[in-house]
Amino acid sequence: MELRLDPDLETFRTEVRAFIDSILPADMKERQRRKVANNAAVPDLLEWMRILHAHGRSVPHWPQEHGGCGWTPMQLFIFNEELYKADAPEFDWGGTHMLGPVLYTYGSDYLKDRFLPMIRQGATMWAQGFSEPGSGSDLASLRTSAERVGDTYIVNGQKIWTSGAAHADWGFFLVRTDRNVKPQRGISFLIVKMDTPGITVRQIPQINGEAHLCEVFLDNVEVPADQLIGEPGMGWTYAKFLLEHERTTSSFIYWSKRELARAKDIALGERVGGRRVADDPAFRARFARAEADLLALEWSVLRVLAHEEFDAPEAAAASVLKIRGSELQQEVTMLQVDAMGAKSLRFFDAAPVPPPAPTDAWPDYAPGRTTVALINRAATIYGGSKQIQKNILAKLAFGI
Ligand SMILES: Cc1cc2nc3c(=O)[nH]c(=O)nc-3n(C[C@H](O)[C@H](O)[C@H](O)COP(=O)(O)OP(=O)(O)OC[C@H]3O[C@@H](n4cnc5c(N)ncnc54)[C@H](O)[C@@H]3O)c2cc1C
């Protein structure tokens, strides 16, 4: 089965593709494709945000009054799909897709004026400080405290798994401002500058060679009280809004489409015992299964985007897309790695850009694949683990 778009959307796709092609620097694209641990990742991301901003497209999904493009959900879907297909750097998700919508929905005019332009222009990197040791799935039990003293909050505690904290200029943190109410009601949402005295960031070395994840220690950190978003005690509501707002993003559909195509290239290029991996019946069956799953996922995403009626509330749809999307991410990268066999053991992190000429032992499609496969083991954990998503689903969709 093939999904076909209306002709006007196909025209939009052609325009978007040409647009991206005209502005995406070749070296940036190459680094992104190879997806290796490199020092250019953060500068590339911010520079890409600035390039998109110069063309008014750095936050296309925001309301137009805040710099959005006024596109339909389908146009946004196509734009994202083409960005991924082109191997463009990611958005600064923390700023553009998590904090931004919370800010323009619940933030004061002061916070909107101060921070929305920074995010839109790619001037800052953002970290999400929610999880703590012992408070990941059970986020409502978080203990990092923020005590109001005059015009300041004094913050004490520890966060963990804070992605990108070592490179972030700012963070948005969930903090406990009231211990005398039920746990969810005592949480607030605070914007914190990462170089404030009292903050220590420690990077956590990862098995894939990166050190993107961090521990963040907060020791008597003074934060201006006007950096609290919305009402004190409403942080839980805003966090839920944040996690559900981008309900189709967690499907990683664009990413999986690109990477499944890459898995196919690899299987066509690799040989075992004189036969192409793509001709191996067991591999073909696995690939066909992944392709069918991908199509089903895309169909579900499009249904959500088209606001078709679901039997369950939207949060249940978000959980379904997260579960299926993260499982598929893992399967797609394992297809790539399995198709390459021993070659996938080779990392490429020290290689120069442009890379050395491809050889049979070191084909052009190999760089970065293992790095990605290893970090993808976490896809069923971050953003709410698979087991927790199933619990949510059971409750919302089936009332269990
Ligand atoms: C790559 C990566 C990036 C991340 N980035 C960020 C970030 O930027 N900011 C941030 O705040 N956090 C981040 N996290 C943290 C992430 O949100 C948590 O890891 C996640 O919520 C799980 O929490 P935990 O690690 O404490 O595991 P736990 O909550 O301790 O869970 C351990 C296991 O028990 C299961 N489990 C727990 N409770 C239940 C239950 N009630 N029913 C059934 N099973 C259960 C879980 O599914 C899991 O398998 C990141 C994590 C990873 C791996």
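Tutor: Before we start, a crossing is left-handed if the near helix is turned anticlockwise from the far one by less than a right angle, and right-handed if clockwise. Keep in mind that this is a predicted model.

Student: Ok, so which hand is the crossing of α1 and α4?

Tutor: Right-handed. Helix α1 covers residues 7-23 and helix α4 covers residues 73-85; their axes come within 9 Å and cross at roughly 40 degrees. That angle makes α1 oblique to α4, since the oblique class takes whatever isn't roughly parallel, antiparallel or perpendicular.

Student: Which residues make the contact?

Tutor: On the α1 side, Leu9, Phe12, Arg13, Val16, Arg17, Phe19 and Ile20. From α4 you get Met74, Gln75, Ile78, Phe79, Glu81, Glu82, Leu83 and Lys85. By type, that contact has nine nonpolar residues, five charged and one polar.

Student: And how do α4 and helix α8 pack?

Tutor: α8 is residues 253-269, and its axis sits 9 Å from that of α4, at an angle of about 40 degrees. The α4/α8 crossing is right-handed. Here α4 uses Phe77, Asn80, Glu81, Tyr84 and Lys85, against Ile253, Tyr254, Trp255, Lys257 and Arg258 of α8. The split is five nonpolar, four charged and one polar.

Student: Switching to the ligand: which residues come nearest?

Tutor: Gln128, Ser137, Trp161, Ser385 and Gln387, out of 17 around the ligand.

Student: What lies 2.6 Å from a ligand oxygen?

Tutor: A polar side-chain atom of serine 137. Glutamine 387 also has a polar side-chain atom 2.7 Å from an oxygen atom of the ligand.

Student: Which atom of phenylalanine 130 lies 2.9 Å from a ligand oxygen, then?

Tutor: A backbone N or O atom.

Technical notes. Residues numbered from 1 in each chain as written. Predicted model: local features only at pLDDT ≥ 70, side-chain atom pairs only at ≥ 80, totals over all residues. Heavy atoms only, no water. Axes fitted to C-alpha atoms, helices over the stretch in contact; angles between N-to-C directions. Helix = DSSP H or I, 4+ residues; strand = E, 2+ residues; numbered from the N terminus. Parallel < 35°, antiparallel > 145°, perpendicular 65-115°, else oblique. Contact = heavy atoms within 4.5 Å. Nonpolar A, V, L, I, M, F, W, Y, C, P; charged D, E, K, R; others polar. Near = heavy atom within 4 Å. Polar contact = N/O pair within 3.5 Å; in protein donor to acceptor, adjacent residues only side chain to side chain.
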